[in-house]
Each structure stands twice: as C-alpha cells, then as structure tokens.
Amino acid sequence: MKRMLRTAATLLAVLLPTAAPAAWTVSETTLDNGLKVIVREDHRAPVVVSQVWYRVGSSYEQHGVTGISHVLEHMMFKGTKQHGPGEFSEIISRNGGRQNAFTGRDYTTYFEQLSADRLGIALELEADRMHNLLLDPEQFDRERQVVMEERRLRTVDKPVPTMIERFHAVAYPVSPYGHPVIGWVDDLKALNLDDLEAWYRTYYVPSNATLVVCGDVDPERVFSLARKYFGPIPAGEVPPSRGGSGLTAPGERRITVNDRRADVPFVVMGYGVPSGATAVSPDDVYALMVLATVLDGGQGARLAQSLVRDQGVAASAGAGYDPVSRLDDQFTLQATPAPGHDPAELERALRGEVARLQDATVSHDELQRAKNQLLADHLFGLDSTFYQAMQIGMLETTGIGWKTLRDYEPGVRGVTPGDIQRVARQYLTDARLTVGVLRPQPDANTTHTGTAGHGEGS
Amino acid sequence: MRPALTGVCMLLLTALCAGRAQATPTIQSWRTDSGARVMFVRTTALPIIDVRLTFDAGSARDGDHAGLATLTNGLLLEGTERMDAGEIAGRFEQYGARVSNDSARDMATVSVRSLAAADKLDPVVAHFADVLAHPSFPKAAVERVRKQMLVSLREDRQSPSALADRAFARAVFGDHPYASPPDGTVHSVRALERAEVVGFHDRYYVARNAVVAIVGDVTRDRAESIAARITGGLVGGKHAPALPPVKPLDNARTVRIPFDSAQTHVLMGEPSVSRSSPDYFPLYVANHVLGGNGLVSILSGQMREKRGLSYSTYSTVAPAAAGGRFEVGTQVRNAKLDEALDVLKGTIAEFHDDGPTAAQLKASKQNITGSFPLNLDSNRDLTGYIAMIGFYDLPLDYLATFRDRIEAVSERDATVALRRHVHPQRMVTVLVGPADVIGAKR
C-alpha cells in the first residue's frame, strides 16, 4: 500500500494540471478620479457579480470608534438624495438580483448578483451611494440597535466566539487586528452621526475603492458603464493608511475564559506570522500555506491522523493560515477535546505537532499531497464567480494585488521540505504564541462566579 | 516547466470560451444495471467533476434509534477491510479530490469533487467505488464517531439556536419520524450498536435506494461508466418505503426552554407542504413576500427596518418527502420579546387574512424568476439541484419550467395556498431565553 501511494505521488508531481492562475483572464483600468475597475470574464452562465471594495475596516479604527466601519456599512442601505431608505434593496430585488454587504478587518464591500444585462442598474446605485449618502439620526438610532442585536447573535450568546474575540484582543496587543470587526459595546454606544459622517467622507472616495466585476460581460462595456456612473464623482483625497502590525514576538500569552454556558472546552493557539502583504519574501507565505495543509488538508492530514485517530485526545482539530491580510496575521491551531480529555492534553498534543514540524522534514508524499490539494482547491474555486471576485477584491484591498494569483501555482510548487521546517522554526515560536482556552464552569447551576462578562446585559 | 504550463493554460482558456452555458442546463437521466437512478449535466468550462450519491437513508429511517442514520453515514469513509480511515482519506487527497458526507431527515449523501483529467479521475472513481462497496465499520471507528456525535450534542446545548431547532421539529412533527433529531440524543447515541449500523447500511445503502448526480466535464459515456462503477459494488436491494404523511397540528402550543442568553430565540410555525404538492409554488411565492426575500420582505421590514428589534427575521417553507414545515424565526433582546411576538403574530395574521397585494406578488415573482439563473451558475449549485430533482422524483424539465410555474401563480392561488397551509391560530411557538423572560418555570 505505502509503496503504491508513493508512486502515485511521484506521478502526480508531474501530471497535476496547472491550476487557476493560468486561466485568469482579467482586464483592469483606473478612472480619472482614481477608481480602479477590474473585470474577470466568466461566460459559463448569463450572470454577473459586482463588488465595490473600500479600503476601510476595523483595522483602520482606533479605540473609541471600533465598529464604525461596520455600522457605516449598515447605514449605506438607508438612502440617498435620490433613493429613499431600503429602495436600493427593492430595486435590485425587482430586477431579479441579490445584494448585500460585508465588513472585515481590511475592507468594507458591497455586492450585487444579477442577470449580466442588468449590471448597469447595480453600478448606478453603487455610484449614487458612494457619494450621496444621507445619514439620518432616527435611522441611525434604529440601526445601532440592529447592530447590537447582530453582536448578541454572533458573539455575546456564543461561548466560542466570545472566547475568540478576547483571544484576538490578547494575541494582537498593539495591532488593530485586536479589535472585533463589529466593535466593542462601549464604542458602539458612544458612536455618533458626526463620527459616521467623517468616516464616510474620508474613506468613501473613488481613489480608495475598487470595483470588481466577474461574469458574462465584456470588459470594455464594463469600463464604459463604470465611467458613466462613477466617473462624475470627485476624486477626493486618498486617505492615509492606518495601523501597523506592532510587535512581532511580544512573548507568550494565555487567556482562559470560564463560561458557565459552555458545555464543551475549546483550545486555540495562535502564532503571529507575516501575511502576503507584510512578508519579506513570498516564499515564507507559500511555505506557511503548505504547512497548514500538511496539518489540516483533510481527514488524512496530520492533525486528524494524530490527535483525533491515533492519540484520540481530540474530537476535532484544525489549523488555519489565510495570508490575504494587510497586516501581520495569526497562524492558528485549534481543537475540541474528545470526552474524557482536557484542554491541557490538547495543548500538549498541538505543541507536539509543532515540534514535529520543527524537528524533522515532512516526507515527499506528504508534501506532494498538500500541494496537490492546494492546487486542486484553487482550480475548484473557479466554480464560483462570487469567490473569484472575492479573491481579486481582497488581494487588491490588502495591497497584495490580484496579479499574485499568477504566482500562486509556481509559489506552491516551489515549497521544499526544508522551507516548511524553516518557517516552522522561525515563526511557530513561544514568543509569538497566544494560547486561548474556553472552560465550561464546573458547577453550571451556581452564579456566584458570575457569567463570563456579557458586555451589554439588558 | 513553463511551456507545459502554457499549453494547459491555453486549453483551459479555450474551454472557458467554448463552454458558454445556456440559462437552463439539460438534465440527462438513466438507471444503472444495479438499479440506481442517475442524473447528469455536462458542463465543459472547467476541468472538474462533482459526483454525489444520495440515499433515502436520512433520520426519517431511524425508527427507535435516533442518530443511527447519522452514525451510519459518518462511518462510510472510516474503514474498509483493507484500508483504515487515514488511508482512505489520504488516497483522495493525493489526487486533490475533496470527499464529504452528510445526513439530514430525508437524505443521506456522500460526495466527491475531483479534477476531470482521466489520470486523476480514474483512480479517484475506483477508490470511491471501493470504499463505498466495502465499508467495514471498524469498532474503533464506531466508538470515535459516536464520541464526536456526543461532543456535537453537547455543543448544541450551549447554542440557543440549536436548542430551538430541535424543540421546533419535535413540536411540529409530533409522532412523525421527522420529529426525531438527526443527530440523536445523548441517551440514544450512547445506546447505538455496531450491529444496528450494519443492518441500517444493508437495508438502505443499496443501489435501488440511490440517486447518483454527476456534473462536470465528462461525456455521457464516461458518466455512464462512472455511475456504473460507483454503484456496481452496492447490493441492488429495494427502495425505502414511502413515509407516512406529516399530520397537521390540532392546537397552538408554546415550548419554553430556559437559557442564559442576551437574546431570546423565537421559532413559530407548523407542518407544511411536501415537495410534490401542487400548492408548493403558490405557497413559495406567498412566503417570499412574507419573509423569504431578506430585507425586502414584510417580516424584516416590520421587525428590523421599522423597529430595530432584530438583526434577522425570516420565514421559510421547507418541503420534504412526506410533508414539510413552515417556519418563522428571529432573535430579539430579552426586553423586547413581548413586542416582537406581537409584531410577528400580527404580521402573520394580517398577511394570512389579506394575502399579498398585486404589487407585492409582482415584485416577488420578478425577483424569483430573475434570480433563478443565479441558482444554476456553478457546478456545485447544479449538483445540488439535480440530486434533489432525482431524489424527489420531480420532472426532468423542472429547471426549464421553473420560471413558468412561478409566473403562473395568481394572486388568488397565493391567497388560497396561504389560507390552506398557514394557520395563525394553531402554530407551535418555541422560545429559548432566560426563564423569567420566557415565562418558564425553572
């Protein structure tokens, strides 16, 4: 059996087809006012996705105004001089479209999915709210409540997200990645309309935005629609880039959250690592991606094999590294204990896997399998127009650039066993490590220890 | 290296240009010699393929062993006589293939996504067929997956939405098999025995109880040989018998589950139409107006846009084989629960009495028909659709006629369907929140 697998792996090294980057037919232009327009043609179905990406998100925020980018995202549906509250959504809906928005650490994004011949409707509406948003006090008061509900739903009432939110605050002692995207409760309460207005005027300018269109479209036609609708918007000033990565190796930290609502413990370990935007060499980024896949590429990878099946200490275990961010990020390991095992055992087991990567090089089979998975997944990603537009928008907005997609395949292929050992030794060190542990309160029926701090009680 | 890459790249580009799809793909269907039904759509733009097997082997078949279907499904890839779980997974991963499994109330599935080039696809299909034909349900794997299910059940206990979902299904479906939670209960999962898993597999994971969905860059001949190969090792067996129909509720009922949360989770609803009901389309359109179209819907307008009561409020009609469910859901801060319940009940009752206006109906139909191509724009979407069409035995022109059937829904059809299937006076209401808020006794 073993021998057969090795042969298969050797063959695959030669035979696996080139993945997505080669197929990336992308056109781009920049309007006179600075708006960048990127078009990815995909003619499989008569549909289109349009996304407007603003370079602003929680990593641009300071303490005191955390959550403002996300609240502004909500307010962007509340109308302009031309269109009343909710009208945006109604027009897109009537035209057989879907639309929504999302806010992250590095971006705020608005999107529409429509029949390809109706792209102009989306662009006209997006251009309108890029420049003509009306911020109404009553709408704002209501929407702040909606955001508070969103925060309760996503974080406050969930033990694991509550722990992860605090973990980030500790793992990024200086970097603005320590803020939750949705904001801290006190800041949300204190936010006012003037703050929002200033935020909108500063960041919602063409020179701070990228329009990404993917689908059954002709690039020249998209460019001309973009010029027609976005062209008249004044350029504005390019806002300053805010926030640095801070400390790369602050020293080992630990946070333990006792939560009486929790029933299952959870462990997360994060190492501060460079992103695609901050890495001195992209080699390190590709090596970390392959390393993450060696650990968690699937049920055959190391964490499932070792922690879940061989040792039996974990019910599930995973590793993650997403290099598409503008500041230093975290390489994470996480696990849920199997019944009868505790977080300390899991932490030991996870640290054992890190040491194993540092002590010995990965085998040829293992490396090849991880690369094959990354390249196949990259090709599978072409099945979704939305995902393709997302990739372009995220790469542009984080400053990495969509053209790095062309380097993806050679980058992944070029990773050697020595590279993986090198980045494991360089980055997966104690000084870069934060350990987070969620512990169910042993006595679930008493309240004398208090709930694990639900920020906004009533 | 470079020239070879460019060659493939050119091929891929040509394929992308040539592969321009029509709005509605053509479904081909046949039966394998082993008796499995096959649904196939050829797409040539990307060199990938999706294969999904769907068995009528969901939790509706659990009988007195809640969780048995999920445990059986979860063990499909965990061992054969010759390979353990690591070897099974590793071999898929060597070829970059992604394999997954899932089990709900009606369906139990196992799926693989692979590169379509023969040198990858052939070994992946052979491996998939081998694994499906010879599952050995090793004792150690049974215990491991059982423990994972128990951990997952404990995680549900810390989730108000999971608690609400379980209670809602129990109350809506009563003594019907759909009432049984697919993940089982701590008690039932602990009691499951390996012999029961083997028996369940022998009975339900058989060719005549299977639908094979194939979407991707292969010819009909290739698709036929793939379907034959992966069902070839299955026993022919019999199709599972029809389930008893879901019964309507007799009375309104409120289920209260105390939970220490900042929000109270609310679910309201009742049994509803099956997949094959002639009322499905009218009810679907009516529901779209009420709560099926995100922020544009009436419920969201009343709860979120007008009052800032919730982040998410929706309604849905979820049809299944033996009857589905109508469900209205939201989460509100505890202090506003009473107001939210008044708004929800008032909105549902008013909509039930008045039905949609002509303008509302028109706007919803425009959205549903206009956005339909968005549901079919990826191989993944298509795989889900044709598996569903095959499983529920819907007509092969389902996709082609979908928009016409929506267009045909009149104001009267929608109103009649609403009156027939939505009963504001006899719904289940589930409340998960602090005891003093929801009025529960500790």
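At what angle do helix 2 (residues 68-75) of chain A and helix 8 (residues 193-203) of chain A pack? The angle is about 85°, and the axes lie 10 Å apart; axes are lines fitted to C-alpha atoms, for helices over the stretch in contact, and angles run from 0 to 180 degrees between N-to-C directions. Helix 2 of chain A and helix 8 of chain A are therefore roughly perpendicular (65 to 115 degrees). Helix 2 of chain A contributes A:I68, A:V71, A:L72 and A:M75 to the contact, and helix 8 of chain A contributes A:D195, A:L196, A:W199 and A:Y200. Residues are in contact if their C-beta atoms, placed from the backbone, lie within 7 Å. Helices (H or I, at least four residues) and strands (E, at least two) are DSSP runs, numbered from the N terminus.

This is a predicted model, in which local features need pLDDT of at least 70 and side-chain atom pairs count only at pLDDT 80 or more, while totals for chains, interfaces and linings use all residues. Residues are numbered from 1 along each chain as its sequence is written, and chains are lettered from A and ligands numbered from 1 in the order in which they are written.

Chain A is divided into domain 1 (21-230) and domain 2 (245-440), with bounds from an automatic or database domain assignment. Their C-alpha centres lie 28 Å apart. The contact takes 37 residues from each of the two domains. On the side of domain 1 of chain A, helix 6 of chain A gives the largest share, 9 residues.

Chain B and chain A also touch, with 69 residues from each. Among the elements of chain B that each supply at least two residues are helix 1 (2-18), strand 5 (108-115) and helix 14 (379-391).

The table gives residue classes, with Ala, Val, Leu, Ile, Met, Phe, Trp, Tyr, Cys and Pro as nonpolar, Asp, Glu, Lys and Arg as charged, and the others, Gly among them, as polar.

| Contact | Nonpolar | Polar | Charged |
|---|---|---|---|
| Helix 2 of chain A with helix 8 of chain A | 7 residues | no residues | 1 residue |
| Side of chain B that touches chain A | 31 residues | 21 residues | 17 residues |
| Side of domain 1 of chain A that touches domain 2 of chain A | 22 residues | 8 residues | 7 residues |

The largest nonpolar core has 210 residues, and A:V290 and B:I214 are among those with the most contacts inside it. Such a core is a set of buried Ala, Val, Leu, Ile, Met, Phe, Trp, Tyr and Cys residues joined through C-beta atoms within 7 Å; buried means 20 or more other C-beta atoms within 10 Å of the residue's own. Helix 10 (residues 282-296) of chain A gives the most to this core, 10 residues.

Methods
Buried ≥ 20, exposed ≤ 12 C-beta atoms within 10 Å, placed from the backbone. Parallel < 35°, antiparallel > 145°, perpendicular 65-115°, else oblique.
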